[in-house]
Amino acid sequence: MIEKNSDILETDFPDGNNPDYPKSRREKKVLKKRQKELRKEQKEWRKEQKDAPAKWDKLDNTANLFPVIAGEHMTNVFRMCVCLTEDIRPELLQKALEILLPWFQNFHSSLKKGFFWYYFEENRRKLPPVMEENTYPCQYFAPNSNQNYLFRISYYKNRINLEVFHVLTDGSGARNFLRELTYQYLRLAHPELEQHGTTLSSETSLNREDSFLKNYRSYNFKAYNSPTAYLIKGERFRAHKMGIIHASMNLKKFKEIAHKYNASINEYVVAVFFYSVYKEYLHGMPSKQPVSVGVPVDLRPFFDSDTTKNFFVVVSAYFKPEKEDYSFGEIVEIAKKSLRSQITKKQLEEQFSFAVGNEKIMILRTIPLVFKNLGIRAFYKTAARKNSATITNVGSLKVKPEYEPYITDYFCFLSRSYGQDIKACTSSYKNRLNITFSSVLKDTSIQRCFYRHLAEEGLEISMETNGVYYG
């Protein structure tokens with residue numbers, strides 16, 4: 001992978017049309033000379049990289065799944081967005097990406113197909129241009145498209161969009177990258193910010209270890225067969241079309257409401273989703289199948305990791321209605337009990353160690369990839385029906401104080417997966433909490449019930465959609 005060159009990468013190119021651009025003739029002359037020197041250095045550096053042999057890297061344990069199951073109807077792509085106080089200038093966003101990318105080696109990769117496994121190889125192709133958003137979100141990264149890069153950057157008005165094929169990283173790794181891209185863009189748009197530094201911030205990790213392998217422990221695993229979940233079905237949009245409903249509210253107020261039930265944000269959100277499905281789809285009646293929500297858990301805090309690769313597992317919260325007219329309070333208790341019994345270090349370690357252990361079995365490692373893929377797809381289709389939906393919390397975007405005046409919002413949403421036509425994502429910036437639903441179903445009764453319940457709890461909610469429900 002490309003190594004960083006501090007002389008090149010630590011310098012930005014201010015825009016001559018910016019009011020803060022140097023005005024004196026001497027300042028302009030010095031800056032112009034430095035820019036010329038940097039362009040020459042960059043050209044020589046790229047030539048050196050081109051002549052060096054391409055480097056490769058293994059996929060992490062979770063990433064091995066995504067290339068096998070990805071396709072036009074199940075893209076395994078997620079989107080993260082940062083909103084600014086001003087409209088995006090695409091030429092500066094492109095320049096920011098070009099300056100930043102060599103630091104992030106996993107983003108500077110293409111996916112290759114080996115005889116036994118997929119693997120990453122350094123991508124030396126030219127970066128695709130930053131484009132204004134003009135299609136539905138989270139589209140498939142088809143082979144030989146997008147210059148073989150596994151992420152894309154687009155913009156719309158004051159919003160920067162980062163879309164990532166999950167094989168590269170998870171929400172934590174993507175947030176890590178997007179934050180630095182935003183910093184770099186703002187330094188180009190506002191050169192006065194350079195006085196606070198032009199390199200990567202200290203909290204940004206470049207660690208690329210496989211934390212699954214590092215923290216693997218051998219266990220005597222007990223077989224556990226989870227039940228098939230209640231599947232949320234309905235009329236779908238045509239292919240590639242996905243509806244987004246984005247809601248913002250006061251974070252402090254939300255926490256106060258959740259704490260009334262002695263619940264965390266995650267537990268409360270899952271409970272409201274259970275309640276919404278119970279009311280709108282089950283009509284308050286018992287069900288033979290449980291409503292199950294897959295909840296991705298970031299493993300970094302549990303295992304002291306700062307890897308930029310995938311490092312998460314999915315636990316499932318269950319609610320199996322066995323009577324009529326559950327109260328919301330009862331459902332919260334069920335959600336809390338289900339999640340808390342699984343989110344412990346020992347339970348999480350056992351879960352990912354089971355997956356890593358299968359990967360380490362020699363006889364399975366020597367099976368050609370074409371046959372592995374058949375087995376992985378069959379296993380995935382069975383496992384995917386164990387959850388009705390996914391609800392993930394990608395955390396809070398924390399930025400340096402000097403950048404805060406320029407940033408207004410941060411949110412995320414997911415693409416559909418097999419058996420899961422509706423998903424939700426929570427995120428926050430400062431005192432603003434966002435809960436964003438993505439769905440390929442035309443019916444929005446679950447989302448309406450969900451947000452209506454929050455409003456009845458006393459939350460003031462501002463909402464917007466991507467417009468697909470109106471056409």
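## Report on the predicted chain

The chain contains 14 helices and 15 strands. The model is a predicted one. Of the 471 residues in the chain, 54% are buried. Taking contacts between residues at least 6 apart in sequence, 78% join residues at least 24 apart. The chain exposes about 22,300 Å², and carbon and sulfur atoms supply 51% of that area.

### Helix H7

Helix H7 spans residues 251–260, and its buried residues are Leu-251, Phe-254, Ile-257 and Ala-258. Viewed down the axis of H7, these buried residues fall within an arc of 125°, so they line one face of the helix. The general geometry is relevant here: an α-helix has 3.6 residues a turn, so residues three or four places apart point the same way. The face of H7 turned away from the buried side carries the exposed residues Lys-252, His-259 and Lys-260.

Cover for the buried residues of H7 comes from several elements, including strands E8 (243–250), E13 (422–429) and E14 (432–439). Helices H8 (265–280) and H14 (445–456) are also included in this cover.

Both ends of H7 can be described. At the N-terminal end, Asn-250 acts as a cap, with a side-chain oxygen 3.0 Å from the backbone nitrogen of Lys-252. After the helix comes Asn-262, whose phi is positive, near 55°.

### Two residues compared

The following table sets out the location and accessibility of Asn-176 and Ile-361.

| Residue | Location | Relative accessible area |
|---|---|---|
| Asn-176 | helix H5 (residues 171–189) | 7%, buried |
| Ile-361 | loop between helix H11 (345–360) and helix H12 (362–365) | 36%, partly exposed |

Asn-176 counts as buried because its relative accessible area of 7% is under the 20% cut-off. A polar atom of the Asn-176 side chain lies 2.8 Å from the backbone oxygen of Ser-205. Leaving aside residues up to four places away in sequence, Asn-176 touches Phe-104, Glu-203, Thr-204, Ser-205 and Thr-308. Ser-205 is thus both a residue touched by Asn-176 and the source of the backbone oxygen in the 2.8 Å pair.

Ile-361, at 36% relative accessibility, is partly exposed. Together with Ile-363 and Leu-364, Ile-361 makes a nonpolar surface patch of about 260 Å². The 36% value for Ile-361 is over the 30% relative accessible area asked of patch residues.

Key
Residues are numbered from 1 along each chain as its sequence is written. This is a predicted model: local features need pLDDT of at least 70, side-chain atom pairs count only at pLDDT 80 or more; totals for chains, interfaces and linings use all residues. Side-chain values use heavy atoms; hydrogens and water are left out. Patches are made of residues with over 30% relative accessible area and no salt bridge: like charges are joined within 9 Å, nonpolar side chains (Val, Leu, Ile, Met, Phe, Trp, Tyr) within 5 Å. Accessible areas come from the Shrake-Rupley method with a 1.4 Å probe; for residues, only the protein chains shown count as cover. A salt bridge is a side-chain nitrogen of Lys or Arg within 4 Å of a carboxyl oxygen of Asp or Glu. Helices (H or I, at least four residues) and strands (E, at least two) are DSSP runs, numbered from the N terminus. Buried means under 20% relative accessible area, exposed over 50%, partly exposed in between (1.4 Å probe, protein chains only). A polar contact is a pair of N or O atoms within 3.5 Å; within protein, one must be able to donate a hydrogen and the other to accept it, and residues adjacent in sequence count only if both atoms are side-chain atoms. Contact means heavy atoms within 4.5 Å. The arc is that of the directions from the helix axis to the C-beta atoms.
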